[in-house]
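Let's take a friendly walk through this structure, a few regions at a time. Have the sequence and the 3D view ready as you read.

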Amino acid sequence: MKYWMWLACLDIMRPRAKCDALEYFGGPKELFFADEKDLACVPGLSEGERARFADKSMRRAAQAMEACEAEGIRMIALGDSAYPKRLANIYDPPCVLFVRGKLPDIDSEAAVAIAGTRRATPYGIKMAARMGYEISRGGGLVISGLAAGIDSAAAVGALRAGGRCIGVLGTAIDVVYPRSNAALFADVCASGALVSEYPPGMPGSPRHFPARNRIMSGLSLGVLIVEAPEHSGALITAEHAIEQGRDVFAVPGNADAPNCAGSNDLLRDSARMTLTGWDVLSEYEGRFPMKIRRPDPAKMRIPEEDRLDAQAAAAAGSPAPQACTSAKTVKKDVDKPETEEYIDLEKQLAALNERQLAIISAMDADDTYADVLIERTGLPASAVMSELTMLQILGFISPSGSGSYRLNIKTK
């Protein structure tokens with residue numbers, strides 16, 4: 001395994017280059033002992049990639065091995081019986097998967113990746129949570145990138161349904177990013193697993209996030225895009241899905257909404273329109289008859305969704321959705337009262353619990369750091385991080401970088 005770890009620790013290299021070298025030499029140990037002359041025989045390797053393979057230092061690998069043992073991180077190498085065949089068959093699979101939690105037999109699961117923008121609207125958050133909830137309740141397995149916004153909302157929805165979620169990270173397996181998602185990471189790990197191709201201690205890089213999208217789609221039968229503007233990273237996941245022969249689904253949004261421009265384009269081109277989780281799961285019912293089940297529509301609403309809708313609407317400064325009434329009881333008012341221009345602070349905070357209110361009250365007008373909130377509220381750090389995640393998902397706050405948060409509440 002130390003040779004697999006050495007290979008995993010070689011950064012700034014195409015995953016396909018590692019696969020080509022493994023196929024040429026037959027295994028990681030043989031690749032490790034290959035000299036520069038041998039490496040020159042591998043087709044397609046760049047000069048920089050050959051130089052990386054020529055680095056035989058085991059220092060980082062030894063440190064990562066120690067961290068895996070200390071933190072209970074599992075290594076699954078390409079070709080191992082536990083390595084998902086669905087993922088192994090893509091063009092550029094990761095040579096090693098690092099896993100925290102319990103990774104199910106992915107190949108026997110109706111796994112669906114849910115992705116979208118980090119800067120989600122209340123509509124996007126609600127639909128992502130609903131899709132995660134309905135897919136999980138129907139017997140599917142939700143795959144999430146655990147980024148802020150749509151990814152996190154989908155994961156929360158799956159967990160609320162009592163299901164499992166697989167979080168695919170764009171960072172080292174021992175890194176929580178964004179840090180505000182610490183509680184969500186812990187919940188996903190407890191119910192399912194966190195997965196990364198980057199070993200403990202691997203330095204972060206912006207290029208790691210687009211690369212992880214191929215793993216999300218590679219583990220899945222289909223990819224569901226909930227809300228994505230043009231040039232969104234979620235569209236990269238959809239592109240990988242198409243290249244890998246996966247199904248692509250999308251939730252429709254307003255035609256003139258910039259946040260839905262990319263996902264609406266997918267619908268116009270080839271994606272399947274999705275209004276409910278069953279729209280996705282019905283595609284796989286025949287393949288997984290013992291797992292996929294059509295749920296009772298009456299039981300498919302997320303618990304407390306009406307309250308969450310009201311919170312999200314208040315945070316966005318728009319009226320909460322009203323319940324439908326019978327045509328016989330509808331009363332039409334010719335002279336309607338003037339629409340409120342602002343939702344006042346009292347209405348915005350009416351449905352929050354005591355911990356959430358304490359956190360909101362402790363926040364400054366400008367950015368406030370999490371450790372400051374822990375000190376001011378006197379709440380346990382885990383409770384503060386958990387409530388920050390929920391407040392962010394509901395749209396009351398947004399991360400402003402380096403572990404700080406900013407209020408989104410509108411006041412008159």
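Contact here means that heavy atoms lie within 4.5 Å. Please keep in mind that this is a predicted model.

## Helix H12 and what covers it

Helix H12 spans residues 233–243, and its buried residues are Ala234, Leu235, Thr237, Ala238, His240 and Ala241. What covers these buried residues of H12 includes three strands, namely S3 (111–115), S7 (222–225) and S8 (247–250), along with helices H11 (208–218) and H13 (261–269).

Both ends of this helix are worth a look. At the start of H12, serine 232 places a side-chain oxygen within 3.1 Å of the backbone nitrogen of alanine 234. After H12 comes glycine 245, with a positive phi near 80°.

## Strands S1, S2 and S6

Now turn to strand S2, which covers residues 96–101 and runs antiparallel to strand S1 (residues 74–77), with four bridges joining the two. If you would like a pair to click on, arginine 74 has valine 99 in S2 as its bridge partner.

S2 also pairs with strand S6 (residues 193–196), again in the antiparallel sense and over four bridges. Here glycine 101 has alanine 193 in S6 as its bridge partner.

## Glutamate 49 in helix H5

Is glutamate 49 buried or exposed? This residue sits in helix H5, residues 47–53. Glutamate 49 counts as buried because its relative accessibility is 6%, and the cut-off for buried is under 20%.

Which residues does glutamate 49 contact, leaving aside its neighbours within four places in sequence? They are Met13, Arg14, Ala17 and Gly44.

How values were computed: Residues numbered from 1 in each chain as written. Predicted model: local features only at pLDDT ≥ 70, side-chain atom pairs only at ≥ 80, totals over all residues. Heavy atoms only, no water. Pairing = 2+ DSSP bridges. Buried < 20%, exposed > 50% of the residue type's maximum accessible area, 1.4 Å probe, protein only. Polar contact = N/O pair within 3.5 Å; in protein donor to acceptor, adjacent residues only side chain to side chain.
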